[in-house]
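Visitor: Please take a close look at one part of this model for me. I would like to hear about the largest pocket and what surrounds it.

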Amino acid sequence: MAAPRKYPDELRERAIREVRTTGRPIAHVAKDLGIHKEALRGWVRQAEADRGEREDRLTTAELDELKQLRKEVAELRRANEILKAASVFFAQEIDRPRTRPSR
């Protein structure tokens, strides 16, 4: 489960919009809104990536897909380990000599 966000989405959107429309430095906008400047810098960069203005970052949709795929890979690896252990167990059972019960 993801950690709760420190800043509401509305504040994020307002801060990004202010940086983009006014052209003011990120540090000034962040100080005015009571946001850490590096947090705002990251939000602006992510917004630029989502708009296709940056090629050096994944979009939010791509990040979500990557997170989901990593989770799926981890689940498949766990299932694979279980199946390997089960196949070893059953192979040992097949190879074990059987004795008949005495009458």
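**The largest pocket and its surroundings**

Guide: The UniProt annotation "coiled-coil region", from an unreviewed entry, covers residues 59-86. In this predicted model, the chain over residues 59-86 is 96% helix and 0% strand. The C-alpha atoms at the two ends of that stretch are 41 Å apart.

Now to the pocket itself. The largest pocket has a volume of about 430 Å³. Its lining is made up of 15 residues, and those nearest the centre of the pocket are R5, R12, Q46, D50 and T60. Three elements each give two or more residues to this lining: α1 (9-22), α3 (37-50) and α4 (60-95). Of the elements, α3 gives the most, with 5 residues. Sorted by class, the lining of the largest pocket holds 8 charged, 4 nonpolar and 3 polar residues.

Since α3 gives the most to that lining, its other contacts are worth a look. Helix α2, residues 26-33, packs with α3 at an angle of about 120°, and the axes of the two helices are 9 Å apart. The crossing of α2 and α3 is right-handed. On the α2 side, the contact is made by I26, A27, V29 and A30; on the α3 side, by K37, L40, R41 and V44. By class, this contact has 6 nonpolar residues, 2 charged residues and no polar ones. Set beside it, the lining of the largest pocket has 4 nonpolar and 8 charged residues.

Notes. Residues are numbered from 1 along each chain as its sequence is written. This is a predicted model: local features need pLDDT of at least 70, side-chain atom pairs count only at pLDDT 80 or more; totals for chains, interfaces and linings use all residues. Side-chain values use heavy atoms; hydrogens and water are left out. UniProt positions are given in the numbering used here, feature names are shortened, and annotations may be inferred rather than shown by experiment. Helices (H or I, at least four residues) and strands (E, at least two) are DSSP runs, numbered from the N terminus. On a 1 Å grid over the protein atoms alone, a cavity is a set of points where a 1.4 Å probe fits but cannot get out, and a pocket is an open set with protein on both sides within 12 Å along at least five of seven lines; lining residues have an atom within 4 Å of a point. Grid points are joined across faces, edges and corners, and a volume is the space filled by probe spheres set on the points. Ala, Val, Leu, Ile, Met, Phe, Trp, Tyr, Cys and Pro count as nonpolar, Asp, Glu, Lys and Arg as charged, and the others, Gly among them, as polar. Axes are lines fitted to C-alpha atoms, for helices over the stretch in contact, and angles run from 0 to 180 degrees between N-to-C directions. A crossing is left-handed if the near helix is turned anticlockwise from the far one by less than a right angle, and right-handed if clockwise. Contact means heavy atoms within 4.5 Å.
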